[in-house]
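Reader: I am in my first year and would like a close look at a single part of this structure, the sheet and what packs against it. Could you take me through it slowly, in one connected answer?

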Amino acid sequence: DLGRLDIVVNNAGVVRDKMLFNMTDDEWDLVIRVHLRGHFLLNRNAGAYWRGESKKAGGPVYGRLINTSSEAGLLGPEGQANYAAAKAGIQGFTKSVAIELGRFGITVNAIAPGLIETDMTRATAERIGVPYETYVAKAAEQIPVARTGTPEDIAAAASFFARQEASFISGQVLYVAGGPKA
């Protein structure tokens with residue numbers, strides 16, 4: 001409708017948390033497919049579009065790919081082997097794609113959220129049988145800024161990566177997690 005593609009935020013995700021020895025092949029495959037294959041397909045198609053636009057223009061164009069990883073990709077939480085593997089993969093994938101698409105004027109970065117108050121977080125608390133408010137309060141105790149994140153925190157990071165002023169930043173992973181875990 002707007003005539004061109006400038007910014008892509010890749011934010012699809014699912015969880016199927018289980019200890020490794022209880023995880024089924026289907027639970028592993030679903031999480032890997034949604035996260036890694038989903039990022040692959042969207043990055044490939046957006047990159048192909050921008051590469052074509054760059055050839056038409058005779059030089060670099062404006063394009064921003066913003067992938068969504070997670071601090072789980074660095075921390076590897078218990079019961080999240082599939083999720084942690086997928087999110088770590090997205091970080092390496094982001095760096096590779098940034099190198100491939102940079103010559104066309106495209107930046108590729110990733111946001112790695114910590115605990116963000118979403119429906120998915122609410123479902124996790126429900127699944128483990130903890131009241132949501134208790135789950136969030138306990139999580140905040142482990143976060144250096146003493147609070148959990150909001151969707152607006154992630155939107156601010158995406159907005160930063162989407163700006164022209166961020167055109168020299170590519171292949172980076174920005175942890176939006178309230179500080180490092182001890």
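**The sheet and its surroundings**

Author: A good place to begin is strand β3, residues 106–113, which is joined to β4 by 4 bridges, the two strands running parallel. Within this pairing, Ala112 has Tyr175 of β4 opposite it. Please keep in mind throughout that this is a predicted model.

Widening the view, we find that 4 strands make up an open sheet, in the order β1-β2-β3-β4, with parallel pairing. Because β1 (7–10) and β4 (173–176) stand at the edges and have a single partner strand each, one side of each is left without a neighbour in the sheet. From one strand to the next, the twist averages 20 degrees.

Helices pack on this sheet as well. Helix α3, residues 81–101, touches β2 (63–68), β3 and β4, and its direction makes about 165 degrees with that of β3. Helix α6, residues 151–162, also packs on the sheet, where it touches β1, β2, β3 and β4, and the direction of α6 likewise makes about 165 degrees with that of β3.

Let us turn to the side chains. The largest nonpolar core has 11 residues in all, namely Val8, Ala46, Trp50, Val61, Leu65, Val97, Ala98, Leu101, Phe104, Ile106 and Val108. Two or more residues of this core are given by each of α1 (25–57), α3 and β3, and the largest share, 3 residues, comes from α3. If we follow one member of the core, Val108, and leave aside residues up to four places away in sequence, we find that Val108 touches Asn43, Leu65, Asn67, Thr94, Val97, Ala98, Leu101, Ser170, Gly171 and Gln172. Apart from the largest core lies another core, of 9 residues, including Ile66, Ile111, Ile154 and Ala157. In soluble globular proteins, nonpolar side chains tend to be buried together.

Finally, it helps to set this part within the whole chain, which has 6 helices and 4 strands, arranged from the N terminus on as β-α-β-α-α-β-α-α-α-β. Among contacts between residues at least 6 apart in sequence, 72% join residues at least 24 apart, and 40% of the 182 residues count as buried. The radius of gyration of the chain is 17 Å, which agrees with the value near 16 Å that a compact globule of 182 residues would have.

Technical notes. Residues numbered from 1 in each chain as written. Predicted model: local features only at pLDDT ≥ 70, side-chain atom pairs only at ≥ 80, totals over all residues. Heavy atoms only, no water. Pairing = 2+ DSSP bridges. Axes fitted to C-alpha atoms, helices over the stretch in contact; angles between N-to-C directions. Contact = heavy atoms within 4.5 Å. Core = buried A, V, L, I, M, F, W, Y, C linked by side-chain atoms within 4.5 Å. Buried < 20%, exposed > 50% of the residue type's maximum accessible area, 1.4 Å probe, protein only. Rg over C-alpha atoms; globule rule 2.2 N^0.38 Å.
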